[in-house]
Amino acid sequence: MKHKDQVVFVTGAGQGMGRAVVQRFAAEGAKVAAVDINEEAVRETAESSEGEVIALGCDVSNSESVRQAMSKVKAAFGRLDVVVNVAGIGSVDEFAETPDENWHRVIGVNLTGSFFCCREGVRLMKENGGGVVINVSSSAAQSGEGPSHYVASKAGIMGLTRSMARELASTGIRVNTIVPGATNTPMMAGIPEEWMEAMINGIPLGRMGEPEEVARVASFLASEDASFITGQNIAVNGGMVFI
Ligand SMILES: NC(=O)c1ccc[n+]([C@@H]2O[C@H](COP(=O)([O-])OP(=O)(O)OC[C@H]3O[C@@H](n4cnc5c(N)ncnc54)[C@H](O)[C@@H]3O)[C@@H](O)[C@H]2O)c1
């Protein structure tokens, strides 16, 4: 029961990594707010988790929606200890053909959405003198393999983490970035087989990661075992890219 009585806010909790993160923290004793734009999916996450989990519909790219979700967490649990920003989207666009709308949407969910949840979360964490933030980036931010908005949003998340880590260290808040490589979630389901094969050939451990492998690292970073780790990129990628 590593996270007994900790209150944890997890975005992108309707499926994939976010769902695995919710299930991990709940199984380890945390009270978890599972947050996703897809309300039905996040209800299923809550129902399939052991322990105390509430499902909250929220669009992380909308600051008012995030504020409302955070105030529901405060009302339900009275405090906040951990924010895990997992929600993310992609869009397949050639660079020179990228529509304004797709640029704004991807940056809006991945980067601005992480900022909104960090900002509201930190306001609550300051009330109890500390906490932990975990932002989820992507190995694409390092390799550049991906469309410009996605890669820029994920590189931006690394900068967001570092700035927060420095400024908030004196308030007892640690902030780190998990940098997943190819991971077996619904996001990857649509990828053509030959791309998948090429990708797996580039992974020294010879396979994709599982969402639970990312969730275990989130659990570690939120625990006292990681008490001297802040501002870091923690890669979970089977050796695909070395940080
Ligand atoms: N799967 C991979 O191989 C991989 C690799 C590197 C990084 N990542 C990153 O990891 C994170 C999780 O990936 P995944 O594969 O589990 O994704 P996924 O697509 O399976 O799940 C993402 C979840 O985010 C939710 N979401 C989307 N927009 C939202 C919004 N505006 N507000 C709230 N929730 C929203 C979706 O409804 C969905 O439940 C993402 O940030 C992704 O970019 C994934």
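This briefing covers the overall fold, the ligand surroundings, one helix pair and one proline of the structure above. The model is predicted. The protein has 8 helices and 7 strands, and 30 residues surround its ligand.

**Overall fold**

- A compact globule of 243 residues would have a radius of gyration near 18 Å, and the protein's 17 Å agrees with that.
- The C-alpha trace spans about 50 × 40 × 35 Å along its principal axes.
- Of the 243 residues, 48% count as buried.
- Taking contacts between residues at least 6 apart in sequence, 69% join residues at least 24 apart.

**Ligand surroundings**

- Among the 30 residues that surround the ligand, the closest are G14, G16, G88, T185 and M187.
- Two elements, α1 (16–27) and α4 (100–127), give two or more residues each to this shell.
- Helix α1 gives the most, with 3 residues.
- Sorted by class, the shell holds 15 nonpolar, 13 polar and 2 charged residues.

**Helices α3 and α4**

- Two packed helices are described by the distance between their axes and the angle between them.
- For α3 (residues 63–77) and α4, the axes come within 9 Å and cross at roughly 35°.
- This crossing of α3 and α4 is right-handed.
- On the α3 side, the residues in contact are S63, V66, R67, M70 and K74.
- Their partners in α4 are F116, C117, E120, G121 and L124.
- The contact of α3 with α4 comprises 5 nonpolar, 2 polar and 3 charged residues.
- Besides meeting α3, helix α4 is one of the elements that give two or more residues to the ligand shell.

**P211 and its contacts**

- P211 lies in helix α8, which covers residues 211–221.
- P211 counts as buried because 23 C-beta neighbours lie inside 10 Å, where the cut-off for a buried residue is 20 or more.
- Leaving out residues up to four places away in sequence, P211 touches G16, M17, A20, T183, N184 and T185.
- Two of these contacts of P211, G16 and T185, are also listed among the residues closest to the ligand.
- G16, M17 and A20 are touched by P211, and α1 is the helix that runs over 16–27.
- P211 and P180 are 31 residues apart in sequence, while their C-alpha atoms are 9.4 Å apart in space.

Methods. Residues are numbered from 1 along each chain as its sequence is written. This is a predicted model: local features need pLDDT of at least 70, side-chain atom pairs count only at pLDDT 80 or more; totals for chains, interfaces and linings use all residues. A residue is near a molecule or strand if its C-beta atom, placed from the backbone, lies within 6 Å of it. Helices (H or I, at least four residues) and strands (E, at least two) are DSSP runs, numbered from the N terminus. Ala, Val, Leu, Ile, Met, Phe, Trp, Tyr, Cys and Pro count as nonpolar, Asp, Glu, Lys and Arg as charged, and the others, Gly among them, as polar. The radius of gyration is taken over C-alpha atoms; the globule rule is 2.2 Å times the number of residues to the power 0.38. A residue is buried if 20 or more other C-beta atoms lie within 10 Å of its own, exposed if 12 or fewer, and partly exposed in between; C-beta atoms are placed from the backbone. Two residues are in contact if their C-beta atoms, placed from the backbone, lie within 7 Å. Axes are lines fitted to C-alpha atoms, for helices over the stretch in contact, and angles run from 0 to 180 degrees between N-to-C directions. A crossing is left-handed if the near helix is turned anticlockwise from the far one by less than a right angle, and right-handed if clockwise.
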